[in-house]
Structures are given as C-alpha cells and as structure tokens.
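User: Hello! I am new to this structure and would like to learn how to read its features one by one. Could you guide me?

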Amino acid sequence: MLDEHFGISIVEYMAAGVVPIVHDSGGPRADIVKPERMRHGWQTTGYLCTTEEQYANAITEVLCMDQQDRLKIAAAARQRAAKFSDQQFEQDFVKAIQPLL
C-alpha cells in the first residue's frame with residue numbers, strides 16, 4: 001500500500017518467515033524492510049518496489065531463488081520482525097522513560 005504509515009501485517013508475515021515484497025514508501029521503507037545484521041554479515045529482509053516491473057522482478061526472483069537463499073532472507077526477516085514485538089516495545093519504552101523516573 002502506498003505510504004502505509006507502519007504496516008503491522010508486513011511485520012506479521014515477516015515473523016512467519018515470508019519474504020516481503022512491499023511498496024517502497026512509508027513505514028515499510030522507513031522502519032520495516034531494512035537490512036539485518038546476521039552472523040555472516042548484512043542480509044536483506046525483503047524487497048521494496050514502486051513499479052509493476054519491480055514487483056514482477058521481485059516476485060520472480062523470490063520464486064526462482066535457491067531455497068537456502070530464501071531461508072537466509074526469511075531468517076533475517078524474522079529477526080527484523082522481532083524488533084517490533086511487545087517485549088521489545090516494553091524494553092525500549094522503559095529505557096526511554098528511565099531518565100524521567
């Protein structure tokens with residue numbers, strides 16, 4: 001969706017191990033589909049697209065990629081999605097207000 005403010009559904013399917021192919025705007029670009037630091041280096045967590053051709057290419061790439069490559073992206077997507085969990089939100093919130101307490 002164009003200019004989606006956050007995109008909880010994107011985070012939910014990343015947590016399930018689905019490789020996201022989403023619009024390159026709003027929350028997906030700003031916060032969600034970002035490279036993730038993994039054991040072997042930086043790993044993409046999905047695809048950001050704006051044109052029909054980019055979407056078609058991303059879909060084709062995901063469908064045709066080696067299973068090990070897809071699993072690497074899925075693992076990075078799961079790790080990225082964990083940053084939006086209730087537990088992580090609570091930890092970050094407490095850390096942010098700690099100086100005020």
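Analyst: Gladly! Let us begin with how the elements are named: helices and strands are runs assigned by DSSP, with at least four residues for a helix and at least two for a strand, numbered from the N terminus. Keep in mind that this is a predicted model.

User: What pattern does the chain follow along the sequence?

Analyst: Going along the sequence, the pattern reads α-β-α-β-β-β-α-α-α. In total the chain has 5 helices and 4 strands. Its C-alpha atoms fill a box of roughly 50 × 30 × 20 Å along the principal axes.

User: How many of the residues count as buried?

Analyst: Here a cut-off helps: a residue is called buried under 20% relative accessible area, exposed over 50%, and partly exposed in between. In this chain of 101 residues, 32% count as buried. The accessible surface comes to about 6800 Å², and 55% of that belongs to carbon and sulfur atoms.

User: What share of the contacts joins residues at least 24 apart?

Analyst: To read such a figure, set aside the contacts between close sequence neighbours. Among contacts between residues at least 6 apart in sequence, 60% join residues at least 24 apart. We will meet some examples of links across the sequence as we go.

User: Let us turn to charged side chains. How many salt bridges does the structure hold?

Analyst: The general idea is that side chains of opposite charge can pair when their charged atoms come close. This structure holds 3 salt bridges. One of them joins Arg29 and Asp24, whose closest N and O atoms are 3.5 Å apart. Arg29 is partly exposed, at 43% relative accessible area, and Asp24 is partly exposed too, at 25%.

User: Which residue does Arg80 form a salt bridge with?

Analyst: Its partner is Glu36, with 3.8 Å between the closest N and O atoms. This pair links distant parts of the chain: Arg80 belongs to helix α4 and Glu36 to strand β2 (residues 36-38), 44 residues apart. Glu36 also meets Lys83 in a salt bridge, at 2.7 Å from N to O. Lys83 sits in the loop between α4 and α5 while Glu36 is in strand β2, so this pair ties together parts that are 47 residues apart in sequence. Through shared partners, the salt bridges join Glu36, Arg80 and Lys83 into one network.

User: Are the members of that network buried or exposed?

Analyst: Take them one at a time. Glu36 has a relative accessible area of 4%, so it counts as buried. Arg80 is buried as well, at 13%. Lys83, at 39%, is partly exposed.

User: What else is Arg80 in contact with?

Analyst: For this, look past the neighbours within four places in sequence. Beyond those, Arg80 is in contact with Met14, Asp31, Ile32, Lys34, Glu36 and Thr45. With Asp31 there is a polar approach: the backbone oxygen of Asp31 lies 2.4 Å from a polar atom of the Arg80 side chain. Arg80 itself is part of helix α4, which covers residues 67-82.

User: Helix α4 also holds Arg70. What does Arg70 touch?

Analyst: Leaving out residues up to four places away in sequence, Arg70 touches Gly17, Val19 and Met65. Arg70 counts as partly exposed, with 27% relative accessibility. Its C-alpha atom is separated by 9.9 Å from that of Gly46, a residue 24 places apart along the chain.

User: How many disulfides does a search of the whole structure find?

Analyst: The search finds 0. The reason shows in the distance between sulfurs: the cysteine sulfur closest to that of Cys49 is in Cys64, 15 Å away, which is too far for a bond. Their surroundings can be read too: Cys49 is buried, at 2% relative accessibility, whereas Cys64 is exposed, at 63%.

User: Which residues form a nonpolar patch on the surface?

Analyst: To find a patch, look for nonpolar side chains that sit together at the surface. Here Phe89, Phe93 and Val94 form one, with about 320 Å² of accessible area together. Phe93 belongs to helix α5, residues 86-97, and is partly exposed at 46% relative accessible area.

Methods. Residues numbered from 1 in each chain as written. Predicted model: local features only at pLDDT ≥ 70, side-chain atom pairs only at ≥ 80, totals over all residues. Heavy atoms only, no water. Buried < 20%, exposed > 50% of the residue type's maximum accessible area, 1.4 Å probe, protein only. Polar contact = N/O pair within 3.5 Å; in protein donor to acceptor, adjacent residues only side chain to side chain. Contact = heavy atoms within 4.5 Å. Patch = residues over 30% accessible without salt bridge, like charges linked within 9 Å, V, L, I, M, F, W, Y side chains within 5 Å. Areas by Shrake-Rupley, 256 points an atom, 1.4 Å probe, with all protein chains shown as cover. Salt bridge = Lys/Arg side-chain N within 4 Å of Asp/Glu carboxyl O. Disulfide = S-S within 2.5 Å.
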